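The following report describes selected residues and helices of one protein chain, moving from single positions in loops to helices and their contacts.

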Amino acid sequence: MKSLRTNALKEAQTRVSPEVKAPSVKISEFFGSNVFDKKKMKDFLSKEVYEKLISAIDQGELINQDDANQIATAMKHWAMSKGVTHYTHWFQPLTGSTAEKHDSFFEPTIDGPVEKFAGSALVQQEPDASSFPNGGIRNTFEARGYTAWDPSSPAFIMESKAGKTLCIPTVFVAYTGEALDYKAPLLKALNALDKAAVDVCQYFDKGIDKVTASLGIEQEYFLVDLALFNARPDLALTGRTLFGHMSAKGQQLDDHYFGSIPERVFTFMVDFENEAFKLGIPLKTRHNEVAPLQFECAPLYEEINLAIDHNQLLMDLMEKVARRHNFKVLLHEKPYAGINGSGKHNNWSLITNTGKNLLAPGKTPKNNLMFLAFFVNTIKAVHEHADLLRASIASVSNDHRLGANEAPPAIISIFLGQQLNEVLDEIEHSRISKKIKEDNALWLGIPKIPQILLDNTDRNRTSPFAFTGNKFELRAVGSSANSSAPMTVLNSIMADQLVKFKVEVDKLIKKGEKKDIALLTIIKKYIKESKDIRFEGNGYSQDWEDEAAKRGLANIKTTPLALDAYISEKSTELFERANIFTKRELHARHDILLESYYKKLQIEARVMGEVANTMIIPACIAYQNTLLENAKSIKELGLPKEALVAPLAIINKLSDHLSIVKTTIDAMLEARKVANTIEDSREKAIAYDEKVKSHFDTIRYNIDKLEQIVDDSVWPLPKFRELLFLK
């Protein structure tokens, strides 16, 4: 009888890629074809309503009911012209993924059936709030929650073979108005940042009346054949391999990185890119990543809210398209032990309504002072709230990456590059001149800063937060994460810091100091105060951990402890000042994140026990019995004792490893039972981390040893060499 593994290997080896045809040779001709973008708004709306909608998108103006009805009708006409029959509010609950509830345009009436879509249905819907993670904000008997339209992110059409659906991006809030999603706090943080940044920009340019955060998200992922995926219960249920001895060949030759893309993978990439282009996702880059069958795609920069919506949509799209190609996309941060994990690098910057990147130095002293104001305030913000930024990227899956010599460590530090480090050092130690010296190397004590191009600043992949020319790159975000969490934190702390900066500068100006002198004085002060977080070396090294400890930088390696930063008094005051989170909302999120942590570990522990007991151990015992029969036959034949040495040694090794596996699984089960009795979420998460998860490595080590001993033909699970190298 053939095993599931054998059948899966045979199926995977005979795959034929489906034919992929783009709607047009030119991407520009079908880009955004499934998006209700500004061009289509203009075509389907009256000029008056169109202008009001643009004001709502750009300035946050409210839309009245009459205008909402006209917009809904136009949206329906456009969607139906594309073959759409249903609509949904597309939102991002605290599950980490997206959610949708479909309703039909169809409605029966006395005069016969019609297709209707009212403004009220566009603006608001009512999904069940109690069935999503809410951290105690909504009880089961208090189910009401609302999704509310976000006009700043355009509606789009999702296609499938069975039909098409109009998707309307929305926020999700409780009946009481408290946020139950990722988008609502992000929008509040962006609004706070806009106001604070504009206030600071006014020192330099009165024409700046809006500042937008921009974001480019690099998405790493693995692909595995669907049949092999289905033959691995651990992959199917947890997203990662809980067992598996590393293949003799892994990534040590660096031959996969930027190598020729395998044909079957290339076909998949072209297919999902075409679908992404139709949805207005501006994908620009695709390439092989470091590990075998690991890849990356990256878009052009967009306004941050839209960029995150697009990334959430992209992850869902990749999963759907992968099925057409008999692939499974693995977005887990560490699907395979022993090789590179996957991240989601968030490239963040600030752009004014005049088109200026506030994190790009200019050619004039005035522009350089403006650059320094935002550049140094970013460093100061991260220095002040490093623990909160660390909490924002914490998860059970990302814990596998952080500090694993493939991703930034759990210590938050900032890399600037030699050139800018020297500039800040020179400013810190220079005397502020009271006169403008245009012909000198200094202007108000500012060294001349050459215009920094993208390749003037080296990259440091060991840094969690690195300046890369005209932006900061937050490299610590996990590949499966919703980027709203870290971006809400980053934009919130930046807004708060800019408000503090303006208060301090204004105080000096009121005392009679010249504006530019006041600005530089506070900048110098911040450079000195935040110096400890700047680090240019190898973030993976033990030397850095030791040095960071001396500097007083936190090194919180596990999620349950890292999440405490969300509910600290300092963080609570920060978020309440800017009206981004209430204390109740923060405690709810803290509880939800802790619950997610221990539930995912609970699932991993259960899968580990089940697979070991029902698949691994039986296979090992069956092979052991074969060896025992062999040893018995050798003895009965009267062969020399030396002939028994090899089979008996293998039998003893099998017995030793099996015994440890069984004993440790039983101990893990008991630890799980104890942890499950704990009611407090934080204590429960810590118990799962320290008492349950602590058994995982022992179980895995011994099962991986068994994999090396047992006859390959009877081993039940597809091996790493098959998962990673089967094209």
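In this predicted model, Ile 412 is found in the loop between helix H12 (386-392) and strand S15 (414-415). With a relative accessible area of 5%, which is under the 20% cut-off, Ile 412 counts as buried. Leaving aside neighbours within four places in sequence, the contacts of Ile 412 are Val 382, Ala 386, Leu 389, Arg 390, Pro 464, Ile 533, Leu 553 and Ala 554. One of these partners, Ile 533, is 121 residues apart from Ile 412 along the chain, yet a separation of 7.4 Å is found between the two C-alpha atoms.

A second loop position is His 332, which lies between strand S13 (327-330) and strand S14 (344-352). His 332 is also buried, at a relative accessible area of 11%, and its side chain reaches the backbone nitrogen of Lys 334 at 2.8 Å. When neighbours within four places in sequence are left aside, His 332 is in contact with Thr 238, Gly 239, Arg 240, Ser 342, Ser 397, His 400, Ser 479 and Glu 604.

Ser 483 belongs to the loop between strand S19 (472-474) and helix H14 (484-510), and its relative accessible area of 1% makes it buried. Not counting residues up to four places away in sequence, Ser 483 touches Ile 217, Ile 308, Gln 312, Lys 344, Asn 346 and Val 477. Between Ser 483 and Lys 320, which are 163 residues apart along the chain, the C-alpha separation is 21 Å.

Accessibility can also be set out for positions in helices and loops.

| Residue | Location | Relative accessibility and class |
|---|---|---|
| Arg 5 | helix H1 (residues 4-13) | 4%, buried |
| Phe 258 | loop between helix H8 (233-238) and helix H9 (263-278) | 55%, exposed |
| Asn 579 | loop between helix H18 (569-577) and H19 | 56%, exposed |
| Leu 669 | helix H20 (residues 642-676) | 32%, partly exposed |

The side chain of the buried Arg 5 reaches the backbone oxygen of Asp 712 at 2.6 Å. Besides Asp 712, Arg 5 touches Trp 715, Pro 716, Leu 717, Pro 718, Lys 719, Arg 721 and Glu 722, with residues up to four places away in sequence not counted. For Leu 669, the C-alpha atom is 8.1 Å from that of Gly 609, a residue 60 places apart from it in sequence.

Backbone angles deserve a separate remark. Most residues other than glycine have a negative phi. Phe 258, although it is not a glycine, has a positive phi of about 60°, and Asn 579, another residue other than glycine, has a positive phi near 60°.

What value of phi does Gly 83 take, just after H4? Gly 83 takes a positive phi of about 90°. Helix H4 (residues 65-81) has 17 residues and reaches 24 Å from its first C-alpha to its last, close to the 24 Å expected at 1.5 Å a residue. At the start of H4, a side-chain oxygen of Asn 64 comes to within 3.2 Å of the backbone nitrogen of Asp 66. The buried residues in H4 are Asp 67, Ala 68, Ile 71, Ala 72, Ala 74, Met 75, Lys 76, Trp 78 and Ala 79.

Helix H15 (residues 515-529), with 15 residues, reaches 21 Å from its first C-alpha to its last, close to the 21 Å expected at 1.5 Å a residue. In H15, the buried residues are Ile 517, Ala 518, Leu 519, Leu 520, Ile 522, Ile 523, Lys 524, Tyr 526 and Ile 527. As background to both lists, an α-helix has 3.6 residues a turn, so residues three or four places apart point the same way.

The last topic is a helix pair. The axes of helix H19 (residues 583-636) and helix H21 (residues 681-692) come within 9 Å and cross at roughly 30°, and the crossing in which H19 passes H21 is left-handed. From H19, Asp 591, Leu 594, Tyr 597, Tyr 598, Leu 601, Gln 602 and Ala 605 meet Ser 681, Arg 682, Lys 684, Ala 685, Tyr 688, Asp 689 and Val 692 of H21. By kind, the residues of the contact of H19 with H21 are eight nonpolar, two polar and four charged.

Note on methods: Residues are numbered from 1 along each chain as its sequence is written. This is a predicted model: local features need pLDDT of at least 70, side-chain atom pairs count only at pLDDT 80 or more; totals for chains, interfaces and linings use all residues. Side-chain values use heavy atoms; hydrogens and water are left out. Helices (H or I, at least four residues) and strands (E, at least two) are DSSP runs, numbered from the N terminus. The expected span of a helix is 1.5 Å times one less than its number of residues. Buried means under 20% relative accessible area, exposed over 50%, partly exposed in between (1.4 Å probe, protein chains only). A polar contact is a pair of N or O atoms within 3.5 Å; within protein, one must be able to donate a hydrogen and the other to accept it, and residues adjacent in sequence count only if both atoms are side-chain atoms. Axes are lines fitted to C-alpha atoms, for helices over the stretch in contact, and angles run from 0 to 180 degrees between N-to-C directions. A crossing is left-handed if the near helix is turned anticlockwise from the far one by less than a right angle, and right-handed if clockwise. Contact means heavy atoms within 4.5 Å. Ala, Val, Leu, Ile, Met, Phe, Trp, Tyr, Cys and Pro count as nonpolar, Asp, Glu, Lys and Arg as charged, and the others, Gly among them, as polar.
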